[in-house]
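Subject: Structure handover, salt bridges and one histidine

Hello,

Please find the structure below. My notes on charged pairs and on one histidine follow it.

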Amino acid sequence: MSYAATLDAHRRLAILTHLSACLEYASNSEILMDVCNWLGITTSRDRLVSTLAWLSEQELVTLEDHEGFVLASATARGVDIAQGRALHPGVRRPAPKGP
């Protein structure tokens, strides 16, 4: 797997993990970009938009565009993947929990 593909898989997992921890499993795109950058996954607005579109095409999130303000919500399958209960090609598997 190339470096870019590995980074994309990490970015997708980071987004799903954040959404699974949010109230109502939803967050806006600006916060999601900050989350990725804070985790060291360099993310531009264009990259975030394409990542969210990919996650939506895979039915792992739903998107609502409110005149430039994008709200992403994790689907039940997206939460399962974030929590390691399911796998999806192109999304990194979460690390095991524990010591």
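A residue is called buried when its relative accessible area is under 20%, exposed when that value is over 50%, and partly exposed in between. Keep in mind that this is a predicted model.

R47 has a relative accessibility of 38%, so R47 counts as partly exposed. D8 has a relative accessible area of 16% and is therefore buried. The two side chains meet in a salt bridge, at 3.6 Å from N to O. This pair links distant parts of the chain: D8 belongs to helix α1 (residues 3–21) and R47 to helix α3 (residues 45–57), with their positions 39 residues apart in the numbering.

On the background: side chains of opposite charge can pair when their charged atoms come close.

The count of salt bridges in the model is 4. Another of them is formed by R45 and E30, whose closest N and O atoms are 3.1 Å apart. Here too the pair links distant parts of the chain, since R45 is in helix α3 and E30 in helix α2 (residues 29–38), 15 residues apart. R45 is exposed because its relative accessible area is 51% and the cut-off is over 50%. E30, at 37%, is partly exposed.

D80 and R85 also meet through their side chains in a salt bridge, with 2.6 Å from N to O. As for the network, salt bridges that share partners join D8, R11 and R47 into one. Within the D80 and R85 pair, D80 has 27% relative accessibility and counts as partly exposed, whereas R85 has 54% and counts as exposed.

Now the histidine. Where is H88 placed? H88 lies in the segment after α4 (76–82). Is H88 buried or exposed? Its relative accessibility is 15%, which is under 20%, so H88 counts as buried. Which residues does H88 touch, leaving out those up to four places away in sequence? They are W54, Q58, L60, R77 and I81.

To recap the burial states: D8 and H88 are buried, R47, E30 and D80 are partly exposed, and R45 and R85 are exposed.

Regards

Definitions and conventions
Residues are numbered from 1 along each chain as its sequence is written. This is a predicted model: local features need pLDDT of at least 70, side-chain atom pairs count only at pLDDT 80 or more; totals for chains, interfaces and linings use all residues. Side-chain values use heavy atoms; hydrogens and water are left out. Helices (H or I, at least four residues) and strands (E, at least two) are DSSP runs, numbered from the N terminus. Buried means under 20% relative accessible area, exposed over 50%, partly exposed in between (1.4 Å probe, protein chains only). Contact means heavy atoms within 4.5 Å.
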